[in-house]
Amino acid sequence: MCGIVGYIGGKRAIDFLLDGLTKLEYRGYDSAGVAVNCGDNIFVEKAVGRLDSLKQKLKNNLPLGNIGIGHTRWATHGRPSDTNAHPHSDCHGKFFVVHNGIIENYLKLKQDLTAKGHKFISDTDTEVVAHLLEESYHGDFLLAVRDVISKIEGSYSLVFMSKENPDVLICAKQDNPLVVGIGENENFVASDIPAIISYTRKTYILNDGEIAIVQKDSVQFVNRQGLPINKKIFNVTWNAAAAEKGGYEHFMLKEIHEQPKAVRNTISPHIKNNSIHFDELNWNADFLKNIDKIYIVACGTAYHAGLVGKFYIEKLVRKLVEVDLASEFRYRAPIVDENTLVIVVSQSGETSDTLAALKESKRLGAKTLAVTNVVGSSIAREAEFVIHTAAGPEIAVASTKAYTTQLILMFMLALYMAQISKTVSDSDAERLIEQLKKIPAQISETLSDVEPIKTFAQIYGFNDDVFYIGRSLDYCVALEGALKLKEISYIHAEAYAAGELKHGTLALIVEGVPVIALATQKSVYEKTLSNIKEVKARDAIVIGIAAEGDTSLSNYLDHVIFVPETDELLIPLLAVVPLQLLAYYAAITRGCDVDKPRNLAKSVTVE
Ligand code: M6R
């Protein structure tokens, strides 16, 4: 959730630093800072709050130096403040460092360094790194960095700048992303590709334990022991426009409308001759026979996608699936062994809890599969097997196209497993694939008329509480709809399994309370209808979400939003769309900062 940038070359470093940090704003932050080596002095400026505050401070005082580092911080150790903002320095201003992650042993290191006379000015774990470097430096910058790395424990991407070594930036990575962008007589460093794609597509993606020595016309890599590493260039295929808003008012709206394409791109590599293929898995019947337990582990929206994935696998493959929140899974001694398949789902591929759950599963001997949107992400590299959603970069904090692409990928995964284990008949598989192919066009159809949803959003946007109800897969979608509304509009929203209402929540349903009722699942339709009647009888204002062709619901409700008809396993991909739009327009009605909701960050790389 913090952002890192670095520049070395022939141009004014500050221009890239500010631009790169702007491109990383979506990651969430509460302060920002830069340090630029200007030869005789190191120029440092920091500001709490948005980047604009930093730019304001720099306005008439832009440093001219050609080497610099910058950072946007999301507070973990110490409150957001100018002092706690990065870059951090040692006692004498010789070394500057920016850091993403957490130094777990910083207190012990701080005590030792304080005893040696080092003076600390911030509350951060990062400052320890700068003082350690001062302590380790005896004329060889790289040697000193390697010594620092050997002493710190925890997760980090780090970029170091030295006053005495004005021709080099040194970077190190462990459990946090870091890339080096290759330019012409200039090189770039960033925690994420969007910071650099308008400058270069040629990148090196660092692996854990790697150290990069970045000069203006060369990049070299060594491991912690100082041995050279040969790395391949990774060519970024995203275009710069893909990371911008493309005419929409917000990234979230753009990403909602990108769903047909994102889902189509996710489907197309896996359908051949009317069956599902995953060349990257190449599983066979024996492999699946040996799996007696499946976990799906994730956070937030990805967890909600996992809940749907459970339905898919249990229904099509007839294997028991447990879905767990990554932050719970890793601490509750899960029953995992070599016959367990752990599927982790993560858009960013960098979520700290999910990564830790994955590592724990591997330690316990499980087979691991990552479902992620980011090629080369930490989770993608850590898992034994990886399959990718093709959502493209998702910038808005509120996840939308990542969710629908996760659903479709997990549907195809379940069908793939079912084909191998012969738990689905050929005719059923063919029928499902036919339905699957229609989904992108059906999402477009769902997106084609947003006007009624805007109207409902204006009504709901002024309420303090909204309830979502549904059964079976509708309940899973209700959870996601409620999360969307909460995170961007700050309206209190709760999702309930419709059958649970009478066990407590019905007490809250009184005249005028807004309820969104999903009734797309044919197998539980009558049951859902009776729950809808229960809330309607208490004079709640109910909006229904139903499949086209449903002629009953309108008899009971004033407002029904219809989505195209498809198999009930696939309808969550359509039913979620009006809920995403409702959350978006409710947030607009309330004047909220849709793409950067308060207290939240796009990528949660701390626990
Ligand atoms: O990158 P990940 O999919 O691992 O992220 C997981 C959650 O942090 C994420 O889905 C979060 O809940 C979103 N803000 C929801 O819109």
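Let me begin with the sheet, in which 8 strands are arranged in the order S3-S2-S4-S1-S10-S9-S11-S15, forming an open sheet with antiparallel pairing. At its edges stand strand S3, residues 42-48, and strand S15, residues 234-235, each with a single partner strand, so that one side of each is left without a neighbour in the sheet. I should say at once that this is a predicted model, and everything that follows should be heard with that in mind.

Within that sheet, strand S9, residues 179-182, and strand S11, residues 202-205, pair in the antiparallel sense over 3 bridges, and Val179 has Ile205 in S11 as its bridge partner. Helix H2, residues 51-58, packs on the sheet, where it touches S2, S3 and S4, and its direction makes about 140 degrees with that of S3. Helix H1, residues 13-23, lies across strands S1, S2, S4 and S10, and runs at about 160 degrees to S1.

Now to strand S18, residues 293-298. How many of the 6 residues of S18 are buried? The count is 6 of the 6, so S18 is largely enclosed by the rest of the structure. Both faces are covered, with Lys293, Tyr295 and Val297 buried on one side and Ile294, Ile296 and Ala298 buried on the other. S18 pairs with S20 in the parallel sense over 6 bridges, and here Ile294 stands opposite Leu341 in S20. S18 also runs parallel to strand S19, residues 321-325, to which 5 bridges join it, and in that pairing Tyr295 stands opposite Glu322.

S18 also helps to cover helix H11, whose buried residues are covered by elements including S18, helix H10, strand S20, strand S21 and helix H12. In H11, 9 of the 12 residues are buried, so this helix too is largely enclosed by the rest of the structure; among them are Asp353, Leu355, Leu358 and Glu360. As for its length, the 12 residues of H11, 352-363, should span 16 Å at 1.5 Å a residue, and the end C-alpha atoms are 16 Å apart, which agrees. Just after H11, Gly365 takes a positive phi of about 95 degrees.

I will finish with the largest pocket, which holds about 950 Å³ of space. Its lining comprises 43 residues, of which Trp238, Asn373, Val374, Gly392 and Pro393 lie nearest the centre. Which helix gives the most to this lining? That is H7, with 4 residues, while S15, which we met at an edge of the sheet, and H7, residues 259-267, each supply at least two residues.

Notes: Residues are numbered from 1 along each chain as its sequence is written. This is a predicted model: local features need pLDDT of at least 70, side-chain atom pairs count only at pLDDT 80 or more; totals for chains, interfaces and linings use all residues. Side-chain values use heavy atoms; hydrogens and water are left out. The expected span of a helix is 1.5 Å times one less than its number of residues. Buried means under 20% relative accessible area, exposed over 50%, partly exposed in between (1.4 Å probe, protein chains only). Contact means heavy atoms within 4.5 Å. Two strands pair if DSSP finds at least two bridges between them. Axes are lines fitted to C-alpha atoms, for helices over the stretch in contact, and angles run from 0 to 180 degrees between N-to-C directions. On a 1 Å grid over the protein atoms alone, a cavity is a set of points where a 1.4 Å probe fits but cannot get out, and a pocket is an open set with protein on both sides within 12 Å along at least five of seven lines; lining residues have an atom within 4 Å of a point. Grid points are joined across faces, edges and corners, and a volume is the space filled by probe spheres set on the points.
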